[in-house]
Amino acid sequence: MDSASPSYKGHRYPIEVISHCVWRYFRFPLSFREVEELMLQRGVLVSHETVRRWCAKFGQAYANGLRRRRPRPGDKWHLDEVFVRINGERKYLWRAVDQDGNVLDILVQSRRDKAAARRFFRHLMKKTRAVPRMVVTDRFRSYVAAHREVMPSVEHRQSKYLNNRAENSHQPTRQRERAMKGFRSVGGAQRFLSAFSGISPHFRPRRHLMAAPDYRAEMILRFAIWEQVTGVAGQPTTA
């Protein structure tokens, strides 16, 4: 097993079952009960509550492992924010992606102002441990003030037409938000989206730009990386 793989000590289910359930939940818009049903069809008896605990315990660890294996982020960052309803209250989801569409950071906040933009900039730079060549945002004025304080030497471009990369990155989250019928708490939304943004994009290569054989080869490679991250690749094979 990879030394960076999470510990499964005390779990009676095989690693293959645990990692497969976590993959299903974060890759597809499924509920815990639907994952339970799909596993039952395969002859594996596992409760939806057990699936929930696995996703809470291993989801972020798997996402971190995938991020460690990615190349360094690009030097052009696209930032955007959208509102989300959490327990009936309006909150804001701040997101940053690079020019290749890789999610750099997600942060759920209660406000949409200069202080929130400044906090997001700092959170983003701390997480990536990098400074971009350029940031692209819409014309929200709080970005200007936060940029001036946090990263004044970085080029800043503002246009509602240049930021489609970040806006399109919200679509999988919106799809999942509808399937989950909304988030229950800010902390729960942050935990889910942090793991989701690390796992789901790994299995979403830009298929429309790839021929079918190239897409299959890329997915085989990505599944191999997943097995390394989860520790499945290190398990002994049986005859």
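Here a biologist quizzes a modeller about a predicted model, asking what stands behind each label.

Biologist: Let's start with the sheet. What is the order of its strands?

Modeller: The order is β3-β2-β1-β4-β5, in an open sheet of five strands with mixed pairing. From one strand to the next, the twist averages 25°.

Biologist: What makes β3 and β5 edge strands?

Modeller: Each has a single partner strand, so one side of β3 (103-109) and one side of β5 (155-158) is left without a neighbour in the sheet.

Biologist: How do you know that β1 and β4 count as paired?

Modeller: Pairing needs at least two bridges between the strands. Strand β1 (residues 76-86) and strand β4 (residues 134-137) are joined by three bridges, so they count as a pair. They run parallel, and one bridge partnership is Lys 76 with Met 134 in β4.

Biologist: And what about β2 and β3, how many bridges join them?

Modeller: Six bridges, with the two strands running antiparallel. Six against a requirement of at least two, so that is a pair as well. Ala 96 stands opposite Asp 105 in β3. The two strands form a hairpin with four residues between them, and Gly 101 in the turn has a positive phi of about 85°.

Biologist: Why is β3 called mostly covered?

Modeller: Seven of its seven residues are buried, so the label follows from the cut-off of under 20% relative accessible area.

Biologist: Which helices lie across the sheet strands?

Modeller: Helix α4 (residues 114-128) lies across β1, β2 (89-98) and β3, at about 145° to β3. Helix α5 (residues 141-150) lies across β1, β2, β4 and β5, at about 180° to β5.

Biologist: Now Asp 98, which lies in strand β2. Why is Asp 98 called buried?

Modeller: Its relative accessible area is 1%, and buried means under 20%, so Asp 98 qualifies. Its side chain also has backbone company: it reaches the backbone nitrogen of Gly 74 at 3.1 Å and that of Asn 102 at 3.0 Å.

Biologist: What makes those two polar contacts?

Modeller: The limit is 3.5 Å between N or O atoms, and 3.1 Å and 3.0 Å fall within it, so both pass on distance.

Biologist: Let's go inside. Which residues have the most contacts in the largest nonpolar core?

Modeller: Phe 26, Trp 54, Tyr 62, Leu 193 and Ile 199, in a core of 43 residues. Elements giving two or more residues to it include α1 (15-27), α3 (48-68) and α9 (212-230). The largest share, eight residues, comes from α1. Among the residues Trp 54 touches are His 11, Val 17, Cys 21 and Gly 59. Apart from that core lies another, of 20 residues, among them Trp 94, Leu 107, Leu 124 and Phe 140.

Biologist: Is there a general idea behind such cores?

Modeller: Yes: in soluble globular proteins, nonpolar side chains tend to be buried together.

Biologist: On to charges. How do you know that Arg 52 and Glu 49 meet in a salt bridge?

Modeller: The cut-off is 4 Å from nitrogen to carboxyl oxygen, and their N to O distance is 2.5 Å, so the pair qualifies. They are three residues apart in helix α3, so about one helical turn separates them.

Biologist: Why is Arg 52 called partly exposed?

Modeller: Its relative accessible area is 35%, which sits between 20% and 50%, so it gets the in-between label. Glu 49, at 31%, is partly exposed too.

Biologist: Arg 111 and Asp 113 also form a salt bridge. Buried or exposed, what are these two?

Modeller: Arg 111 is at 56%, over the 50% mark, so it is exposed. Asp 113 is at 18%, under 20%, so it is buried. Their closest N and O atoms are 3.0 Å apart.

Biologist: What makes Arg 222 and Glu 218 a salt bridge?

Modeller: Their N to O distance is 2.7 Å, within 4 Å, so they meet the rule. Both lie in helix α9, four residues apart, about one turn of the helix. Arg 222 is buried at 18%, while Glu 218 is partly exposed at 23%.

Biologist: How many salt bridges does the rule give?

Modeller: The count comes to 10. Lys 114, Arg 118 and Glu 149 are linked in a network of them.

How values were computed:
Residues numbered from 1 in each chain as written. Predicted model: local features only at pLDDT ≥ 70, side-chain atom pairs only at ≥ 80, totals over all residues. Heavy atoms only, no water. Axes fitted to C-alpha atoms, helices over the stretch in contact; angles between N-to-C directions. Contact = heavy atoms within 4.5 Å. Core = buried A, V, L, I, M, F, W, Y, C linked by side-chain atoms within 4.5 Å. Buried < 20%, exposed > 50% of the residue type's maximum accessible area, 1.4 Å probe, protein only. Polar contact = N/O pair within 3.5 Å; in protein donor to acceptor, adjacent residues only side chain to side chain. Salt bridge = Lys/Arg side-chain N within 4 Å of Asp/Glu carboxyl O. Lists of a residue's contacts leave out its neighbours within four places in sequence.
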